[in-house]
Number of protein chains: 2
Amino acid sequence: MKYCSISEVSAKFNIPESTLRYYEKKGLLPLIERDEAGRRLFSENQMTLLEIIIYLKNTHMPVKGIQQYVNWVVEGDSTTERRLEMMKNHKQAVLAEISLMKVALKAIDVKITRYKNRMISMNNEMKDQLIKNGEEEV
Amino acid sequence: MKYCSISEVSAKFNIPESTLRYYEKKGLLPLIERDEAGRRLFSENQMTLLEIIIYLKNTHMPVKGIQQYVNWVVEGDSTTERRLEMMKNHKQAVLAEISLMKVALKAIDVKITRYKNRMISMNNEMKDQLIKNGEEEV
DNA sequence: GGTTGACTTAAACCATGGTTTAAGTCGTAT
DNA sequence: ATACGACTTAAACCATGGTTTAAGTCAACC
């Protein structure tokens, strides 16, 4: 089993060390061992857990939810059903959020189209103006 | 032009009145008129703006960004190009976020599958145990 | 004409999710 | 042996995005 220091984990996952300490304190990263000097040693398992924590964060699960999930992981197989329920619910929440974002994207696209067209007509008006000025000057 | 009171807007968009007041204070809802008694009157235009603000919030644009956008809207056609750029950038950010979420969803699906299978095997083990006990009792 | 109910304000308060600071301990390279 | 860099802790601090509170105004109904 290979262990990583906090700086290695920080570099690997691109997460500040302060955040990793904060996650430990909040119970998101449980049972981290220490070396003789008291420095954290992250096991493979913990890094795998960190990976899923990052996925849960990327899908906006609040820290408290992740905390609950991690507690259940630590508790072991007796919590499998609760974890299954949690992940199923979370999946639905994420799907709902994604579709909300997609609806918003459409509205944003409408804006983009409108602004593009406005740019074009403003451009045309400028040209017309130049031509008109040209005629008047001839 | 029809105007709405704050309670009507709150009900229509399902946003607390306190939040609408906060948005006004932060400059997200500019130029709101008042009746003789000092109560807010939301115009059609402002409600259209509120709708796009909600879309921008749903796609996680920070209040400061929305503020900037609204300032440009108020400023008028001379800011069309900047608004176009902003919306194009924001669209890319949203697409990136959605794809991050979709990657996470796959990891969540893996968990769901794993937990389902574990439930099944735990179930089977229980049945085996029952059968074994049955045989021993015969 | 007094009590409701809907609104107003400024300012204090809150939750979330970290980040920063200060003071101190190791282990190693010079 | 000492200086340096990497780490430790607890506690204070911060940004974001609201929400709540307290004190007051107004219009309308009874």
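Over residues 3–72 of chain A, the chain is 60% helix and 6% strand. The C-alpha atoms at the two ends of this stretch are 23 Å apart. In UniProt, an unreviewed entry lists residues 3–72 of chain A as "domain: HTH merR-type". The model is predicted, and the points below concern the protein surface around DNA strand D.

**Residues around DNA strand D**
- There are 20 residues around DNA strand D, and those that come nearest are Ser7(A), Arg34(A), Arg40(A), Thr19(B) and Lys57(B).
- Of the atoms of DNA strand D that come within 4 Å of the protein, 84% belong to sugar and phosphate.
- Sorted by class, the surface near DNA strand D has eight charged, seven nonpolar and five polar residues.

**Contacts with phosphate oxygens**
- In the side chain of Ser7(A), an N or O atom is 2.7 Å from a phosphate oxygen of DNA strand D.
- Glu17(A) has a polar side-chain atom that lies 3.5 Å from a phosphate oxygen of DNA strand D.
- In Val63(B), a backbone N or O atom lies 3.3 Å from a phosphate oxygen of DNA strand D.

**Helices that form the surface**
- In chain A, the elements that give two or more residues to the surface near DNA strand D are α1 (6–13) and α2 (17–25).
- In chain B, the elements that do so are α2 (17–26) and α4 (63–75).
- The element that gives the most to this surface is α2(B), with four residues.

Definitions and conventions:
Residues numbered from 1 in each chain as written. Chains lettered and ligands numbered in written order. Predicted model: local features only at pLDDT ≥ 70, side-chain atom pairs only at ≥ 80, totals over all residues. Heavy atoms only, no water. UniProt positions renumbered as here; feature names shortened; annotations may be inferred. Near = heavy atom within 4 Å. Polar contact = N/O pair within 3.5 Å; in protein donor to acceptor, adjacent residues only side chain to side chain. Nonpolar A, V, L, I, M, F, W, Y, C, P; charged D, E, K, R; others polar.
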